[in-house]
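User: I'm new to this structure and would like a close look at one part of it, with a walk through the surroundings afterwards. Could you take it slowly?

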Amino acid sequence: MTLRVSSRFDGGNIECLSCDRPGNIRLRIAPDRRTEYLQWFYFRLTGARDQDCVLRIENAGAAAFKAGWRDYRAVASENRKDWFRVETALEGDTLVIRHKPRTDGIYFAYFAPYSAERHADVVADCLSYGNVRLAVPGTSVDGRDLDLLRIGEDGGTKRQIWIIARQHPGETMAEWFVEGLLQRLLTSDDNRVAELRRRAVFHVVPNMNPDGSRRGHLRTNAVGTDLNRAWNAPDPVKSPEVHAVRSVMAETGVDLFLDVHGDEGLPYVFLVGTLGIPSLSDAQQAWFTCFSDSLKAANPDFQSEYGYPAPKKGNANLGIANNWVAETFGALAMTLEQPFKDAANNPEPDQGYSPARAQALGAASLDAMADVLDLMDKS
Ligand code: ZN
């Protein structure tokens, strides 16, 4: 049986340097096009059933976030549904994965992938509900549709809630989060959720970066733009994805904005607020605290002790989506980060952080949104 490594599929990323024998499979991650960003990998190994394999990703030391490899374990799947953690270690600058596959075809990835097919299935499923509309406000650099779901009809006093995910395409947990959120929002007969549907219109972009997702990028679109640095001056050519979404936001306004991500380094789920924006108000800070406290009560993975250091007032980078939205609309605007590793405050060593946990967090975020709307109505 010939050993073979392939990544020529949706979201795939690896280059095979040599795979002559299972004990020394030499690999390297391709950087995002026109950039040096690399960390996302996703490939299939065939012909290695029942053999002790050692896979060496030799340029792991050049990853965008080298600290991301500390205490990290890669995921693998035989059936493409269940992803389990495998033995992984950083040895010098090489990430070494040791595993004995039980089948002739096994997939390895940085985190459980989220495919373009699954995205299309979820969007189609959402559209089977009468109150859901789909708009395509623009296309990506490669010409892919940007899907924008609107849940609920606009009415005079309704709040405008915006949720976007996967500006950074390798952060697939972001789209798993959105799937869980949509599932509960559309199907729950829970009073709180029903009330939320009456009080707010939801605008949801499950995947801001379909090109980067398809190409197996970590962080950028097809021409190397980090979309989450482009919000203050989106370029119709280099960042058409942000340009398109921003123009719809200008029409709807924004009361609450959640931009969903993954963080390579920190083993925690955490929120990033907008403390650095010039126009930060007391109300914005109170809404942030309310959302954070409520999410903590609703989900065991979320915590508020660990996160990024807060910038000084006036020092915010307004190219970052949540800062730009908070500054422009006076909204509550947050970035939500989830780990690639595990949530250290609520460890599940077998699984690590997983699609199921991201979905549960997405569903729980609706409780926090309901509490914030209560507070907004009072202030
Ligand atoms: Zn990100």
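User: Let's start with the metal: is the site of the zinc ion regular or irregular, going by the angles among its four donor atoms?

Analyst: Sure, let's dig in. Keep in mind that this is a predicted model. The site of the zinc ion is irregular, with angles of 56 to 148 degrees among its four donor atoms. To be called tetrahedral, four donors would need all angles between 85 and 135 degrees.

So who holds the metal? The protein donors are His168 through ND1, Glu171 through OE, listed twice, and His261 through ND1, and they lie 2.1 to 2.5 Å from the zinc ion. Along the sequence, the donor residues follow the spacing H-x2-E-x89-H. His168 sits in the loop between strand 13 (159-165) and helix 2 (173-187), while His261 sits in the loop between strand 15 (256-260) and strand 16 (270-272), so this pair ties together parts that are 93 residues apart in sequence. Both histidines are tucked away: His168 is buried at a relative accessible area of 4%, and His261 is buried at 2%.

Now follow strand 13 away from the metal. Six bridges join strand 13 to strand 14, and the two run parallel. Within that pairing, Ile163 stands opposite Val204 of strand 14. Strand 14 has another partner too: three bridges join strand 12 (residues 148-151) to strand 14, and these two run antiparallel. Here Leu149 stands opposite Val204.

Strand 14 itself deserves a moment. Six of the six residues in strand 14 (residues 200-205) are buried, so the strand is largely enclosed by the rest of the structure. In a regular strand, side chains alternate between the two faces of the sheet. You can see that here: Ala200, Phe202 and Val204 point one way, Val201, His203 and Val205 point the other way, and all are buried.

Just before strand 14 comes a charged stretch worth a look. Side chains of opposite charge can pair when their charged atoms come close. Glu195 and Arg199 do this, meeting in a salt bridge at 3.2 Å, N to O. Both lie in helix 3 (residues 191-199), four residues apart, which is about one turn of the helix. Glu195 counts as partly exposed at 28% relative accessibility, whereas Arg199 counts as buried at 17%. Salt bridges that share partners then join Arg159, Arg192, Glu195, Arg199, Asp255, Asp371, Asp374 and Asp377 into one network.

That network is part of a wider set, as the count comes to 25 salt bridges. One of them brings together the side chains of Arg26 and Glu58, at 2.6 Å from N to O. Arg26 lies in strand 3 and Glu58 in the loop between strand 5 and strand 6, so the pair ties together parts that are 32 residues apart in sequence. Arg26 is partly exposed, with a relative accessible area of 29%, and Glu58 is partly exposed, also with 29%. Another salt bridge links Arg144 with Asp142, with the closest N and O atoms 3.6 Å apart. Arg144 counts as partly exposed at 30% relative accessibility, and Asp142 counts as partly exposed at 36%.

Charges turn up over rings as well. The charged end of Arg80 sits over the ring of Tyr107, 4.7 Å from its centre. The charged end of Arg219 sits over the ring of Tyr37, 5.6 Å from its centre.

Finally, the rings themselves. The structure holds 21 aromatic pairs. One of them is Phe41 with Trp69, a tilted pair at 6.4 Å centre to centre with 35 degrees between the planes. This pair links distant parts of the chain: Phe41 is in the loop between strand 3 (25-28) and strand 4 (42-46), and Trp69 is in the loop between strand 5 (53-57) and strand 6 (75-77), 28 residues apart. Phe41 is buried, with a relative accessible area of 0%, and Trp69 is buried, with 3%. Ring pairs also link Phe41 and Trp69 with Phe43, Tyr72, Phe108, Tyr110, Phe111, Phe340 and Tyr353 into a cluster.

Key: Residues numbered from 1 in each chain as written. Predicted model: local features only at pLDDT ≥ 70, side-chain atom pairs only at ≥ 80, totals over all residues. Heavy atoms only, no water. Donors = N, O, S within 2.8 Å, 3.2 Å for Na, K, Ca; no water. Tetrahedral: all angles 85-135°; square planar, octahedral: opposite > 155°, others 65-115°. Buried < 20%, exposed > 50% of the residue type's maximum accessible area, 1.4 Å probe, protein only. Pairing = 2+ DSSP bridges. Phe/Tyr/Trp six-rings, centres within 6.5 Å; stacked < 30°, edge-to-face > 60°. Lys NZ or Arg CZ within 6 Å of the ring centre and 35° of its normal. Salt bridge = Lys/Arg side-chain N within 4 Å of Asp/Glu carboxyl O.
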